[in-house]
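Colleague: I am new to this structure. Could you take me through it in short questions and answers?

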Amino acid sequence: MKKTSFAFFGATPSFEKPLPVGQLYFPSWERYSAAFEGIFKRQFYTNNGPLLDELEEKLQGFLEVKHAICVSNATFGLMMVADAMGLSGKVILPAFTFVASAHSLSWSGLEPVFCDVNLDTHQMDINQVAALIDEDVSAIMGVNLWGGACNPKALSELASSKGVQLYFDSAHAFGCTVDAVPVGNFGRAEVFSFHATKILNATEGGCISTNDDDLAARLRSIRPTYGKESPVTIARVANARMSEAQAAIALMSLEDFPANQKNNANLYRLYEEQLETIPGLKLIRPTGVSFSNSQYLVCQVNEREFGLSRDLLIDILKAENVIARRYFYPGLHRTIPYDSALPQYLDRLPNTDSLCTACIQLPIGALVLAEDIECICDILRRAQECAAMFRPRHEK
Ligand SMILES: Cc1ncc(COP(=O)(O)O)c(C=O)c1O
């Protein structure tokens, strides 16, 4: 194979436009404009409008929870939950997650306690969580990764046996179930992201689900607006409202969820078939769920077996306009401010460190067609065949 067959060396990229990793499922222009015409006619743009009410009711039905409280984004949702639950001291969470999981704690003056994750599932290591609980820990934040779950039942048992609170960052797990129970029903509360890159999309947005009436009342009062319920006394309010424009898009996205999940599951199967034939690329299947939203396509690159490092592979794909991502990198224990404020974690999380250099996210979602997957896997195969061509001269 010639160097000139790769965009990395100057050939024409395989894709005309960048193919992103995110979901980007949007309604047709006709449905969008009809929904927005309604908003303009009603002249009700925000502050608990009729679309937000409808969305929250529908989410409650979909998630089978008592309360779905929509917010401006999941980051704010996590901050509100930490505040409303009255957490203090330290909260255990994995370092292998998005920065917002930990920073939501900083906003409430809470200190993260980082646990490692399981190398095969990427979910938090429950034995380590158990070992990390001490008198300063007030809660565990379970993080359900990659359309999978971090064993919420075992975490619930652990949390109640140790007398600490439990809640979940479920930004990746909307529409998933654990033994037929929808994610959203575990711990005191769960937080979903409705960012455009997620399978349920409000452009920006999120939702807190809880079966706890008192917590729901506090969250609604922190958000505000209160809606149908009466406000309760809380120490401080925020503004994490979801507008009617966001609610309109989320409603259409909720209606489309079964079709979008099915599309993702089909794309996932195509990747599965193709990746099986590429040594050194291990597909990480969502674990711990009876049903997954198939929102992420995550692989681990074994550099020795594949022949190229994860980062070089990302550059090769990028040149072809395939925007693969090294999600998550670096581990949170190696980011500001934790690297210097909490240096004790730097040598304690070997699995997180190893995954941060090996994981790659490939595109899946609305913009990806079946033939794109063939093309992406063909690039991967060809890159592997020609690995020596890409490596810096001294490495060959
Ligand atoms: C695990 C996790 N938690 C929280 C968030 C934050 O979500 P949002 O962008 O809605 O604030 C993300 C975003 O991707 C995430 O991946």
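Colleague: What is the volume of the largest pocket?

Modeller: Keep in mind that this is a predicted model. Rolling a probe the size of a water molecule over the atoms shows where empty space is left. For the largest pocket, the volume comes to about 550 Å³.

Colleague: Which residues lie nearest the centre of the largest pocket?

Modeller: The lining of this pocket counts 32 residues. By class, 14 are nonpolar, 14 are polar and four are charged. Nearest the centre lie F98, T197, K198, Y296 and Y327.

Colleague: Which element gives the largest share of the lining of the largest pocket?

Modeller: Elements that each supply at least two lining residues are α3, α4 and β12 (359-362). The largest share is three residues. That share comes from α3.

Colleague: Where does the ligand sit, and which elements each supply at least two residues of its shell?

Modeller: The space taken by the ligand is the largest pocket. Two helices each supply at least two residues of the shell around the ligand. They are α3 (74-84) and α4 (99-106).

Colleague: How do the residues of the shell divide by class?

Modeller: The ligand has 14 residues around it. Those that come nearest are T75, D169, H172, S193 and K198. By class, the shell holds five nonpolar, seven polar and two charged residues.

Colleague: Which residue has a side-chain N or O atom 2.5 Å from an oxygen atom of the ligand?

Modeller: Take the polar contacts one by one; the cut-off is 3.5 Å between N or O atoms. A74 places a backbone N or O atom 2.9 Å from a ligand oxygen. K198 has a polar side-chain atom 2.7 Å from an oxygen of the ligand. The side chain with the 2.5 Å distance belongs to T75.

Colleague: How much of the ligand's exposed area does the protein bury?

Modeller: Start with the ligand taken alone. It then exposes 390 Å². Of that area, the protein buries 92%.

Colleague: Which residues are joined by a cis peptide bond with omega of about 15°?

Modeller: Most peptide bonds are trans. One cis bond, with omega about -15°, joins Y329 and P330. P330 is in the loop between α10 (310-319) and α11 (338-341). The bond with omega of about 15° joins P224 and T225.

Colleague: Where is T225?

Modeller: Look between two helices, α7 (213-222) and α8 (244-275). T225 has its place in the loop that lies between α7 and α8.

Colleague: What is the phi of S294?

Modeller: Most residues other than glycine have a negative phi. S294 lies in the loop between β10 (281-283) and β11 (297-301). Although S294 is not a glycine, its phi is positive, at about 50°.

Terms used:
Residues numbered from 1 in each chain as written. Predicted model: local features only at pLDDT ≥ 70, side-chain atom pairs only at ≥ 80, totals over all residues. Heavy atoms only, no water. Near = heavy atom within 4 Å. Polar contact = N/O pair within 3.5 Å; in protein donor to acceptor, adjacent residues only side chain to side chain. Areas by Shrake-Rupley, 256 points an atom, 1.4 Å probe, with all protein chains shown as cover. 1 Å grid on protein atoms, 1.4 Å probe; cavity = no way out; pocket = protein on both sides within 12 Å on 5 of 7 lines; lining within 4 Å. Sits in = over half its atoms within 2 Å of the grid points. Helix = DSSP H or I, 4+ residues; strand = E, 2+ residues; numbered from the N terminus. Nonpolar A, V, L, I, M, F, W, Y, C, P; charged D, E, K, R; others polar. Points joined across faces, edges and corners; volume = space filled by probe spheres on them.
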